[in-house]
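I opened the file to look up a few things about the fold and the chain contact. My notes follow in the order in which I checked them.

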Amino acid sequence: MQHNKFTGKRANQALFFTLFRLMSYLVVGILFCIIGFIVIRGIGVINWEFLTTAPKDGMTKGGIFPAIVGTFYLVIGSMIVAFPIGVMSGIYMNEYATNKHIVRVIRVMTNNLGGIPSIVFGLFGMSLFVNKLHFGDSLLAGSFTLGLLALPLIIRVTEEALKAIPDTYRQGSLALGATKLTTIRKVILPAAFPNVMTGLILSIGRVSGETAPILFTAAAYFLPHLPTSVFDQVMALPYHLYVIATSGTDLEATRPMAYGTAIVLIAIVLIMNLLANVVRRRFSK
Amino acid sequence: MKLEAKNVNFFYGDFHALKDINMQIDSNSVTAFIGPSGCGKSTFLRLFNRMNDLIDGTHLDGECIVGDQNIYDKSVSVDELRTTVGMVFQKPNPFPKSIFENVAYGLRVNGVNDKKIIIETVEKSLKQAALWEEVKDKLKKSAFELSGGQQQRLCIARALAISPSVLLMDEPASALDPISTSKIEELIFQLKHDYTVVIVTHNMQQAARVSDKTGFFMLGELIEFNDTKKIFLNPDKEQTQNYITGRFG
């Protein structure tokens with residue numbers, strides 16, 4: 001009797017452990033399926049020309065260079081917008097704000113901002129930056145819109161990074177007659193830097209893959225030249241992918257180009273995520 | 001520089017942490033505060049460089065006087081007070097910077113930019129803290145590469161670099177091994193030639209060894225404050241006697 005009862009329990013355990021394990025393997029499997037599928041279909045078009053020339057012949061030939069450059073510009077622009085705002089509000093929330101209710105309200109609002117669908121950001125960006133502020137469909141408008149999208153992540157990461165700094169550093173600095181601002185500048189921020197950088201890199205990964213926010217604010221269907229000012233439209237990888245997958249002149253001919261674009265996009269995001277890990281590990285020994 | 005507390009009452013929210021404390025601390029002496037955990041001795045110590053200001057919902061009645069200035073007066077700049085009244089914490093808390101930069105930090109943030117002065121002061125302070133010989137060849141190395149005892153002496157050097165008049169030490173040796181502890185104690189003994197040292201300790205032998213005067217705290221009250229010899233050999237109060245003989249606490 002006893003014996004059976006025990007083995008029954010053990011069998012039950014084993015069953016569930018196996019189930020959990022399979023599920024977690026499944027997640028990894030799905031990732032590899034997606035990447036493998038895209039790589040197999042698209043690797044054929046990846047070559048130097050693809051990465052360094054503009055599309056030709058109704059996007060059936062040539063490369064995606066302007067889209068890579070455009071995404072690069074948009075990422076830089078959005079970080080210029082979001083990074084100072086995000087880091088400064090993170091600093092305020094963790095270092096300065098004494099009223100816990102206000103901090104909580106800001107945090108809830110920040111999380112809500114992060115929960116807004118990206119197409120809504122696009123719509124908002126169009127009405128505010130493109131129309132109201134007369135930026136037009138431009139790199140500038142797109143950068144601001146993507147910046148808003150990245151803001152919650154940067155704020156949260158900054159706050160977490162600062163929270164991880166032991167209070168003994170703050171006390172040590174203040175006890176030497178340093179002001180609060182000096183303490184933050186000379187001790188707290190340098191110590192939090194690796195984690196803040198991790199957040200920055202992660203948000204670059206996020207921003208570079210977004211389509212909806214730039215749909216109405218910055219992205220061009222096709223441009224024969226690279227943008228020369230912040231008021232120019234830009235091509236961008238995710239939007240380019242959408243275009244050649246759905247509205248090219250010859251969808252069958254552009255299909256491999258679409259997969260090639262997807263490979264580049266995924267590569268950027270993966271590289272950014274890996275880089276974030278490297279930075280975090282390198283500095284926080 | 002002498003210190004004085006006049007009718008000090010201190011509150012954490014509703015909790016009455018220090019009750020009507022009066023004390024005079026001579027300059028160039030070592031004063032030890034002893035007492036059971038939670039008796040208020042560390043709180044009292046931190047009043048003198050206003051570290052308690054960092055805690056929300058605290059409130060002070062009475063006066064804390066450093067030199068001849070009530071440091072809770074509105075005209076007092078807290079940052080400047082803390083350059084006069086230095087502090088060493090319970091756990092060594094070097095910054096994640098090099099050994100050199102840790103000691104130079106206090107100078108830099110207080111507006112000293114002259115490289116020569118900084119180099120000289122760093123060396124002098126490390127010598128004063130009896131650490132120079134051990135670190136002179138690796139000043140550029142991270143402070144975290146030092147042992148706990150060395151880190152604590154580094155923190156002492158860091159505090160000395162800005163030449164305070166008073167040095168507050170909050171259980172400076174409680175996280176250290178016996179050898180490091182005795183080094184710190186020797187150091188405290190040296191320091192009183194130039195500084196007014198106040199030390200909070202849980203270790204009664206330590207208080208007996210290093211201090212000139214000892215204050216015994218219990219439940220927020222200063223039970224007895226007298227010459228260290230008197231406190232340990234022939235205290236006036238029974239509570240003190242019970243505590244130092246280990247009958248409670």
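How many helices and strands does the secondary structure of chain A come to? I was working from a predicted model, and in it I found 11 helices and 2 strands for chain A.

**Chain A, overall**

I read the elements along the sequence next. Chain A follows the pattern α-α-β-β-α-α-α-α-α-α-α-α-α, with two helices ahead of the two strands and helices from there on.

I then looked up the dimensions. The C-alpha trace of chain A spans about 70 × 65 × 35 Å along its principal axes. I compared the radius of gyration with the globule rule: chain A has 24 Å, whereas a compact globule of 285 residues would be near 19 Å.

For burial, I noted that 40% of the 285 residues in chain A are buried. For contact order, I took the contacts in chain A between residues at least 6 apart in sequence; of these, 78% join residues at least 24 apart.

**Chain B, strand β6**

I moved to chain B and picked strand β6, residues 85-88. Val85(B) and Met87(B) point one way from this strand, and Gly86(B) and Val88(B) point the other way. I checked both faces for exposure and found all four residues buried.

Which strand does β6(B) pair with, and in which sense? I found β7 of chain B, residues 166-170, in the parallel sense over 4 bridges. Within that pairing, I noted that Gly86(B) stands opposite Leu167(B).

**Chain B, helix α6**

I looked at helix α6 of chain B, residues 148-161, for its length and setting. The helix has 14 residues and reaches 20 Å from its first C-alpha to its last, close to the 20 Å expected at 1.5 Å a residue.

Why do I call α6(B) largely enclosed by the rest of the structure? I counted a residue as buried at 20 or more other C-beta atoms within 10 Å of its own. On that count 13 of the 14 residues of α6(B) are buried, so the helix is largely enclosed. After the helix comes Ser163(B), for which I noted a positive phi, near 35°.

**Contact between the chains**

Last, I looked up the contact between chains A and B. Chain B puts in 20 residues and chain A 15 residues. On the chain B side, α2 (78-84), β6 and α3 (99-109) each supply at least two residues. The largest share of that side, 4 residues, comes from α2(B). I sorted the chain B residues that touch chain A by type and got 8 nonpolar, 6 polar and 6 charged.

Notes. Residues numbered from 1 in each chain as written. Chains lettered and ligands numbered in written order. Predicted model: local features only at pLDDT ≥ 70, side-chain atom pairs only at ≥ 80, totals over all residues. Buried ≥ 20, exposed ≤ 12 C-beta atoms within 10 Å, placed from the backbone. Pairing = 2+ DSSP bridges. Rg over C-alpha atoms; globule rule 2.2 N^0.38 Å. Contact = placed C-beta atoms within 7 Å. Expected span 1.5 Å × (residues − 1). Nonpolar A, V, L, I, M, F, W, Y, C, P; charged D, E, K, R; others polar.
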